[in-house]
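Here is a friendly walk through one protein chain, from its overall make-up down to a few single residues. Please keep the 3D view open as you read.

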Amino acid sequence: MRSARSVPFGQRLPSAGVSLRSQPKELDQKSLAADNVQDAIIFSEMSSNGVPIPPDRARAARDVAAALTGARHVVLTTHVNADGDGVGSEIGLWHMLRAQGVSVKIANPTRIPDRFTFLLPAGADASQHAVREIERADIVASLDIGDLTRLGELAPVIKRREPAFVCIDHHVGPVNLPVGPCLIAPDATATAELIFDLAGVAGWPLTPESAQALYVGLLTDTGGFRFSNTTARALRVAAALLEHGVDPEEVYASVYASAPEGRVRLLAEVLQTLVVEPDVGLAWVSVPPDALRRHEVTPDDLDGIVEFPRSIAGVRLALLFRHIGNGRIKVSFRSMGEVDVAELAHQFGGGGHHRAAGASLAGSMADVEEKVLTAARRFLRNGQSP
Ligand SMILES: [Mn+2]
């Protein structure tokens, strides 16, 4: 069990101890009970920049950190149509690994959305040659992904090459990824929170650049610290990131207040399609064919639109339908209250979180809408909430 890799963590004990003495209320009950197992003591007392880390998370993070720092060339990747959490997590981790002298590149199946390129250091993103990067990787780290198919055209390359693999993710549901050390915590607010924990466990210092990238992950995955995954711990992590130099207004301006005109015009057009069924608490919108092209925007510019149908009083389930090419329709599911949309999305081969999930289905817009809406009405009527 003990390896040379344990040593740096033992060395972190004094600082973890100081943090616990100064913040006794943050000590959890489990760590109080762990009195005679050396590892349990070490891990339960571990904290990351003042935020205590659950022992199982610390243990998994240690294995992931060891795998990453032991590799010659690390390739970081995230899901197709990367979001703020995927991009923020990989850029945060890129900075940390670089500082450790590790050779590292980002290689995503689709390009990084414009609104996140302000985070991107020169030379970090090799997504244009993603296949080549995967082929020369000693180890691939997948971030914010629970299923290999989310890597689009990179999935078959990984299956063929079988590089060493680590994963860091917070999605609920079955994991379908290559074997390797994994830091998976469905109770984590965002993958960025787990990168923060990884840094704490490994003893990698936060810089203003890495802190800003992780803050973007937390900010966007919580819808600006509004959604149900806005936990006390997430806010503690965000506070620590601010202490490391993040300027929240500057980040807001870059992520949310630098929209191309087309994004707002697209919003106006999509909202015209709104249908509400108040008796079941269902509302949905559809993206008209060619709307993205006409407004000269990308799928990333649809981010947040589904919040409008969800914001209607009495709506428990909101949907957004859009064409994604290859004769497929992507459905985004958002819920309020007890409605578990991960379960609903799973019926259609998708997945996600309790209140935010997605799936893609083959068929015409009309066919997919009928199929999904029928299932959604049945789902809502079957007493998902009081
Ligand atoms: Mn995420």
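The sections below go from the whole chain to its sheets, helices, cores and selected residues.

## The chain as a whole

What you are looking at is a predicted model. The chain holds 17 helices and 13 strands. It has 386 residues, of which 46% count as buried. If you take the contacts between residues at least 6 apart in sequence, 67% of them join residues at least 24 apart.

## A parallel sheet of five strands

A good place to begin is the open sheet with the strand order β4-β3-β5-β6-β7, where the pairing is parallel. At its edges sit β4 (103–106) and β7 (182–184), each of which pairs on one side only. On average, neighbouring strands in this sheet are turned by 20° against each other, direction ignored.

At the β7 end, β6 (residues 164–169) runs parallel to β7 and is joined to it by 3 bridges. Two helices are worth picking out against this sheet. Helix α6 (residues 84–99) lies across β3 (73–78), β4 and β5 (139–143), and it runs at about 165° to β3. Helix α9 (residues 191–202) lies across β5, β6 and β7, at about 115° to β6.

## Asp169 in β6

Which residues does Asp169 touch, once those up to four places away in sequence are set aside? They are Asp144, Ile145, Gly146, Ile184 and Thr191. Asp169 belongs to strand β6, and it stands opposite Ile184 in β7.

Is Asp169 buried or exposed? It counts as buried, because 26 C-beta neighbours lie inside 10 Å and the cut-off for a buried residue is 20 or more. You can also find Ala192 in this region: it is 23 residues from Asp169 along the chain, with 8.9 Å separating their C-alpha atoms.

## The antiparallel strands β10, β11 and β13

Further along the chain the pairing is antiparallel. Strand β10 (residues 317–325) is joined to β11 by 8 bridges, the two running antiparallel. Within this pair, His323 has Ile329 of β11 as its bridge partner. β11 also pairs with strand β13 (residues 356–362) in the antiparallel sense, over 7 bridges, and here Phe333 has Ala357 of β13 as its bridge partner.

How much of β11 is buried? This strand (residues 328–335) is mostly covered, with 7 of its 8 residues buried.

## Helices α10 and α11

Now turn to the pair formed by helix α10 (residues 208–221) and helix α11 (residues 232–243), whose axes come within 9 Å and cross at roughly 150°. Angles over 145 degrees count as roughly antiparallel, so that is how α10 and α11 are placed relative to each other. The crossing of α10 past α11 is left-handed.

Which residues meet between these helices? Ala211, Leu214, Tyr215 and Leu218 of α10 come together with Ala234, Val237, Ala238 and Leu241 of α11. Tyr215 deserves a second look: leaving aside neighbours within four places in sequence, its contacts are Ala238, Leu241, Val246 and Val251.

## Two nonpolar cores

Tyr215 appears again in the largest nonpolar core, which has 70 residues; Val74, Leu198 and Tyr215 have the most contacts inside it. The element that gives the most to this core is α9, with 8 residues. A second, separate core has 34 residues, among them Ala283, Leu302, Val341 and Leu380.

## Two asparagines with positive phi

Neither Asn81 nor Asn326 is a glycine, yet Asn81 has a positive phi of about 50° and Asn326 has one of about 55°. Asn81 is in the loop between β3 and α6. Asn326 is placed in the loop between β10 and β11, a hairpin with 2 residues between the strands.

Their surroundings make an instructive pair. Asn81 counts as buried because it has 21 C-beta neighbours inside 10 Å. Asn326, by contrast, is exposed, because 7 other C-beta atoms lie within 10 Å and a residue with 12 or fewer falls in that class.

Definitions and conventions. Residues are numbered from 1 along each chain as its sequence is written. This is a predicted model: local features need pLDDT of at least 70, side-chain atom pairs count only at pLDDT 80 or more; totals for chains, interfaces and linings use all residues. Two strands pair if DSSP finds at least two bridges between them. Helices (H or I, at least four residues) and strands (E, at least two) are DSSP runs, numbered from the N terminus. Axes are lines fitted to C-alpha atoms, for helices over the stretch in contact, and angles run from 0 to 180 degrees between N-to-C directions. Two residues are in contact if their C-beta atoms, placed from the backbone, lie within 7 Å. A nonpolar core is a set of buried Ala, Val, Leu, Ile, Met, Phe, Trp, Tyr and Cys residues joined through C-beta atoms within 7 Å. Angles under 35 degrees count as roughly parallel, over 145 as roughly antiparallel, 65 to 115 as roughly perpendicular and the rest as oblique. A crossing is left-handed if the near helix is turned anticlockwise from the far one by less than a right angle, and right-handed if clockwise.
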